[in-house]
Amino acid sequence: MKYESQGVAKLYFIAALALFTAQIIFGLIMAFQYVVGDFLFPEIPFNVARMVHTNTLIVWLLFGFMGAAYYLVPEESERELHSPMLAKLLFWVFLVAAGLTVAGYLLVPYSTLAELTMNDLLPTMGREFLEQPTITKLGIVVVALGFLFNIGMTILSGRKTVINIVLLTGLLGLAVFFLFSFYNPANLVLDKYWWWWTVHLWVEGVWELILGSILAFVLIKTTGVDREVIEKWLYIIIAMALITGIIGTGHHYYWIGTPEYWQLLGSVFSALEPIPFFMMTVFAFNMVNQRRKDHPNKAAVLWALGCAVMAFLGAGVWGFLHTLAPVNYYTHGTQITAAHGHMAFYGAYAMIVLAMISYSMPFMTHGKPANSNKAQVVEMWGFWLMTISIVFITLFLTGAGILQVWLQRMGDNPQSFMSAQDSVAVFYWLRFAAGWFFLGGLVVYLYSFFVGGEPQEESA
Amino acid sequence: MSDKFTKSMARNIFIGGSLFFFLLFVGLTFDTMGSLPKRDHRENITPQVANGKMLWEENNCIGCHTLLGEGAYFAPELGNVYTRFGQNKEVIKAFIASRPVEGIPGRRSMPQFNLDDQQLDDLAEFLKWTSEIDTNNWPPNVQG
Ligand code: HEM
Ligand code: HEM
Ligand SMILES: [Fe+2]
């Protein structure tokens, strides 16, 4: 750690991992409800568990991005953070807001929460991923503004590198596109149209800038490859991301009431969206192969490479699988969507945050570049268990999805939704089992922080 | 990457490319907004339909169901439920009203939302309006 103020990142990472754990527990609850429908009913109905699962996911990724920025920006800018106090204050504001919101989901019926938080003044609740009460959304905006101010000031008055400029652009985009979550017209078609400006333009747009810059940072630090080379790659990757991803939004405008031309536009552009993800994989492996030093933190390098590969598989390959309009006509809104959502979110965004945590935590806990060999071995066990589990979860859901499409949407005698669900139950049992392995992997991963041992020094 | 391809060329592709495609997207959005009224039949969005949408949201129906293919995959598609239930609002209302408070043993259960008759009617109106949106023939069949 070169600058003391980088240390605030630790708080953010601890909160991120705690929320990650909550996310997985609620994932398991839902996976069981998928096969034993009335499990925990009516105390925790499926929809409540789902909100907790997806909202904790988004919030822990936001904690992760903010932590990553607080760690990375001072180092790149070569100065202390503009205001470490503000960073700590906003941390507590965000944590309390997140905690209260989740408590609200779990303790009162959702309609009561809507009433208590006066949703009718500015109705924004009850839409997928954007279930938070309007007041929570406003809180997110306040935290985001304070955060952007803090890192913006740091960057503007310090050294400007491609990495911190790209990161700042991505984070600004994140805040700007979140504003569309406040627009919720009575016309469902308009509601859906603009909802994707937050959801799609996040994960297949500005978040890729955040992903790319954190990946580039970790690679520079762990491989010692020339900055010029890495920055050129970064620019070209994010260029491809936005060139394909913006019009690629059209893959969500096939069947929601929007005009037919989106079928052509959405198919062509989104079919090109795997390119930036593929480039990230080539980039990561190239840099590691051309490394000028052997960094002692092997676990961080593994996370970075794993992220590049899994993002390509989850977003690139599984995304492509159902993105062409004639295919999507059959697969839209099935378990295939869920399969893709899991591998893409885990591979791209969960793993990049975990890569940054892996790289930076040793500096923040003992000031050395890497944990003991033993701790790293445990961490890598966590990596493999979680990653292999998500691969299996994805495969089982894909199996369920293909059968679901076949039984429910094709042929002369299609089954009803519920009877098709019964027919594919075996895949849900398998997914439930894989979910336990994921949780096991997470526990092993968390345990790696407590293994201790002699930290490793920079090797020559 | 080759030396002839410089960092500033890469940066210019990024800035020019994203700006161009973002503006194109804004243009397409204008065009879409112009053609939507014919497809979404917004003249039929009565206060009842609007309130139905609000009830849909305030009970988090999307947390289990899909609506035009978006949402959760735990319970049936409802964009076409009006058609599936024989174009009969009363069947929809009766279904929602009759969910057992304690659920159905061993089965996926829908909560009892305790809606009054007016609210049930608004929700059914919202689902009826939704089923009339021009969705380019999606879903493939009535099962959704
Ligand atoms: C890391 C990047 C990505 C993430 C995190 C991600 C995540 C998701 C999620 C969560 C959904 C479900 C949305 C909902 O609930 O309605 C979704 C839908 C979809 N994604 Fe992605 N995605 C990514 C990249 C891609 C890419 C690159 C493609 C295309 C090559 C793609 C194609 C699709 C399609 C076609 C759908 C709609 C599925 C349907 O019709 O039901 N995604 N994505
Ligand atoms: C033990 C592991 C997990 C289990 C058992 C699990 C289970 C589930 C279930 C049952 C759903 C609801 C599907 C539906 O609506 O019907 C869901 C949704 C979702 N989960 Fe997980 N999950 C797990 C881990 C993860 C991880 C690690 C991530 C990402 C890092 C993730 C991201 C998501 C997302 C984005 C959705 C919404 C998907 C969509 O709308 O298509 N989950 N999960
Ligand atoms: Fe998308």
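**Helix packing and metal sites in the predicted model**

A:Thr154 is located in helix α5 (residues 134-156) of chain A. The structure described here is a predicted model. With a relative accessible area of 0%, A:Thr154 is buried. When neighbours within four places in sequence are set aside, the contacts of A:Thr154 are with A:Val73, A:Ser77, A:Arg79, A:Glu80, A:Leu81 and A:His82.

A second residue, A:Ile165, belongs to helix α6 of chain A. Its relative accessible area is 34%, and A:Ile165 is therefore classed as partly exposed, the class that lies between under 20% for buried and over 50% for exposed. Apart from neighbours within four places in sequence, A:Ile165 is in contact with A:Ile155 and A:Lys160. A distance of 25 Å separates the C-alpha atom of A:Ile165 from that of A:Ala315, a residue 150 positions apart from A:Ile165 along the chain.

Helix α6 (residues 162-178) of chain A also packs against α8(A): the two axes come within 10 Å and cross at roughly 25 degrees. Angles under 35 degrees count as roughly parallel, and α6(A) and α8(A) are therefore described as roughly parallel to each other. The crossing of α6(A) past α8(A) is left-handed. On the α6(A) side the contact is formed by A:Val162, A:Ile163 and A:Val166, and on the α8(A) side by A:Arg227, A:Glu231, A:Leu234, A:Tyr235 and A:Ile238.

Another helix pair consists of α7(A) and helix α10 (residues 274-289) of chain A, whose axes lie 10 Å apart and which pack at an angle of about 10 degrees. This angle makes α7(A) roughly parallel to α10(A). The residues of α7(A) that take part are A:Glu208, A:Leu211, A:Leu215, A:Ala216, A:Leu219 and A:Thr223. They meet A:Pro276, A:Phe277, A:Met280, A:Phe283, A:Ala284, A:Met287 and A:Val288 in α10(A).

Helix α7 also contributes to a metal site. The iron ion (ligand 3) has as its protein donors A:His200 (ND1), A:Glu204 (OE), A:His251 (NE2) and A:His252 (NE2), at 2.1 to 2.3 Å. Along the chain, these donors follow the spacing H-x3-E-x46-H-H. The angles subtended by the four donor atoms around the iron ion (ligand 3) run from 83 to 149 degrees. A tetrahedral assignment would require all angles to lie between 85 and 135 degrees, and the arrangement is irregular because of the angles found. Of the donors, A:Glu204 lies in helix α7 (residues 188-223) of chain A, whereas A:His252 lies in the loop between α8 (227-248) and α9 (261-271) of chain A, so this pair ties together parts that are 48 residues apart in sequence. A:Glu204 counts as buried because its relative accessibility is 13%, under the 20% limit. A:His252 is likewise buried, at a relative accessible area of 17%.

The other iron centre is the iron atom of ligand 1, for which the protein supplies a single donor, A:His340 (NE2), 2.0 Å away. This histidine, A:His340, is part of helix α13 (residues 335-366) of chain A. The iron atom of ligand 1 and the iron ion (ligand 3) are separated by 4.3 Å.

Conventions. Residues numbered from 1 in each chain as written. Chains lettered and ligands numbered in written order. Predicted model: local features only at pLDDT ≥ 70, side-chain atom pairs only at ≥ 80, totals over all residues. Heavy atoms only, no water. Donors = N, O, S within 2.8 Å, 3.2 Å for Na, K, Ca; no water. Tetrahedral: all angles 85-135°; square planar, octahedral: opposite > 155°, others 65-115°. Helix = DSSP H or I, 4+ residues; strand = E, 2+ residues; numbered from the N terminus. Buried < 20%, exposed > 50% of the residue type's maximum accessible area, 1.4 Å probe, protein only. Axes fitted to C-alpha atoms, helices over the stretch in contact; angles between N-to-C directions. Parallel < 35°, antiparallel > 145°, perpendicular 65-115°, else oblique. Left-handed = near helix turned anticlockwise from the far one by under 90°. Contact = heavy atoms within 4.5 Å.
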